[in-house]
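Work through the exercises below with the structure open beside you. Try each task before reading its solution.

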Amino acid sequence: MAFQLIFLFSILFFIVPPNNAYWPPSPGYWPSSKIKPMNFYKGYRNLWGPQHQYMDQHALTIWLDRTSGSGFKSVRPFRSGYFGASIKLHPGYTAGVITAFYLSNSEAHPGFHDEVDIEFLGTTFGKPYTLQTNVYIRGSGDGKIIGREMKFHLWFDPTKKFHHYAILWNPKEIIFLVDDVPIRRYPRKSDTTFPLRPMWVYGSIWDASSWATEDGKYKADYKYQPFVAKYTNFKASGCSAYASRWCRPASVSPYRSGGLTRQQHWAMTWVQRHHMVYNYCQDSKRDHRLTPECWG
């Protein structure tokens with residue numbers, strides 16, 4: 001009997017891999033370590049909801065309750081760069097709540113703006129957060145905006161501790177990273193499908209009950225308020241909109257010209273194979289005449 005139990009355990013061990021088997025392979029390069037953290041007040045300012053925002057021990061706390069959410073914005077606009085922050089999300093029931101870190105020029109070009117998003121879509125008890133990446137180019141506010149969403153379930157619990165999330169945007173590509181692991185690369189295939197105008201860096205927490213969780217099925221429930229997000233380890237390195245034309249665009253690989261190493265590309269492929277839950281290019285309901293970058 002003891003032999004049979006040992007044999008069964010051995011089979012289960014090999015069939016059901018340990019938890020760390022679901023962690024991505026090492027990218028072999030850690031761009032966040034190359035950039036010094038920025039003091040929040042030197043690089044950012046409150047944008048809205050000042051009464052729902054405070055700094056403590058180098059971490060910015062913002063929260064959403066029935067009265068308001070909160071947001072912040074970089075002081076300078078950029079035309080390219082690496083932008084990152086370590087973020088800790090609210091646990092429990094967070095349906096309808098969006099916690100975001102993103103680039104945008106919506107205030108400079110209202111109704112016709114560009115945007116590059118990292119958004120955490122709130123969830124219900126027992127279900128994981130969804131990390132949504134998105135790219136808008138000259139989008140409009142009239143319902144005709146074309147999203148380019150790729151969504152992921154993370155390989156860790158983002159409510160337990162801080163993890164680093166970053167966007168690289170340069171003239172050749174946009175790369176999204178989680179703890180220095182690339183999860184998505186959006187190359188510039190044409191000027192019409194790539195953001196080229198200067199953008200600012202934003203962060204926010206707000207109520208998006210109409211669409212955030214399972215297409216609006218579950219709404220924000222304020223009996224669980226406040227919904228709190230913490231940001232720290234702010235990093236921004238790149239070319240401001242006022243920099244000379246000789247300013248060198250940022251990279252997240254050892255290559256000055258940009259792109260990813262073979263090891264970084266393998267890590268990204270692994271994440272997309274094991275943790276991606278939606279890719280707009282694979283959505284048969286979408287009109288891909290509007291997203292030519294999906295063609296090849």
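**Exercise 1: a pocket and its lining**

Find which strand and which helix each supply at least two residues of the lining of the second largest pocket.

Solution. Strand E12 (181–187) and helix H3 (262–275) each supply at least two of these lining residues, where helices (H or I, at least four residues) and strands (E, at least two) are DSSP runs, numbered from the N terminus. This is a predicted model, in which local features need pLDDT of at least 70 and side-chain atom pairs count only at pLDDT 80 or more, while totals for chains, interfaces and linings use all residues. Residues are numbered from 1 along each chain as its sequence is written, and side-chain values use heavy atoms, with hydrogens and water left out.

Next, look at the centre of the second largest pocket: of its 17 lining residues, Met150, Arg185, Pro187, Asn279 and Cys281 lie nearest to that centre. (On a 1 Å grid over the protein atoms alone, a pocket is an open set of points where a 1.4 Å probe fits, with protein on both sides within 12 Å along at least five of seven lines; lining residues have an atom within 4 Å of a point.)

**Exercise 2: an aromatic pair**

Determine how the rings of Phe120 and Tyr165 are arranged, and which strands hold these two residues.

Solution. Begin with the total, since the structure holds 21 aromatic pairs; rings of Phe, Tyr and Trp (its six-membered ring) pair if their centres lie within 6.5 Å, and planes under 30 degrees apart count as stacked, over 60 as edge-to-face and the rest as tilted. The ring centres of Phe120 and Tyr165 are 4.8 Å apart and the planes stand at 75°, so this pair is edge-to-face. Phe120 belongs to strand E7 (residues 113–121) and Tyr165 to strand E10 (residues 163–170), so the pair ties together parts that are 45 residues apart in sequence.

Then compare another pair: the rings of Trp206 and Trp211 have centres 6.4 Å apart and planes at 55°, so they are tilted.

**Exercise 3: buried or partly exposed?**

Decide whether Phe120 is buried or exposed, and do likewise for Trp206.

Solution. Phe120 is buried, with a relative accessible area of 0%, whereas Trp206 is partly exposed at 28%; buried means under 20% relative accessible area, exposed over 50%, and partly exposed in between (1.4 Å probe, protein chains only). Tyr165 also counts as buried, at 0% relative accessibility, while Trp211, at 32%, counts as partly exposed.

Finally, turn to Thr99 in strand E6 (residues 97–104), which is buried with a relative accessible area of 4%.
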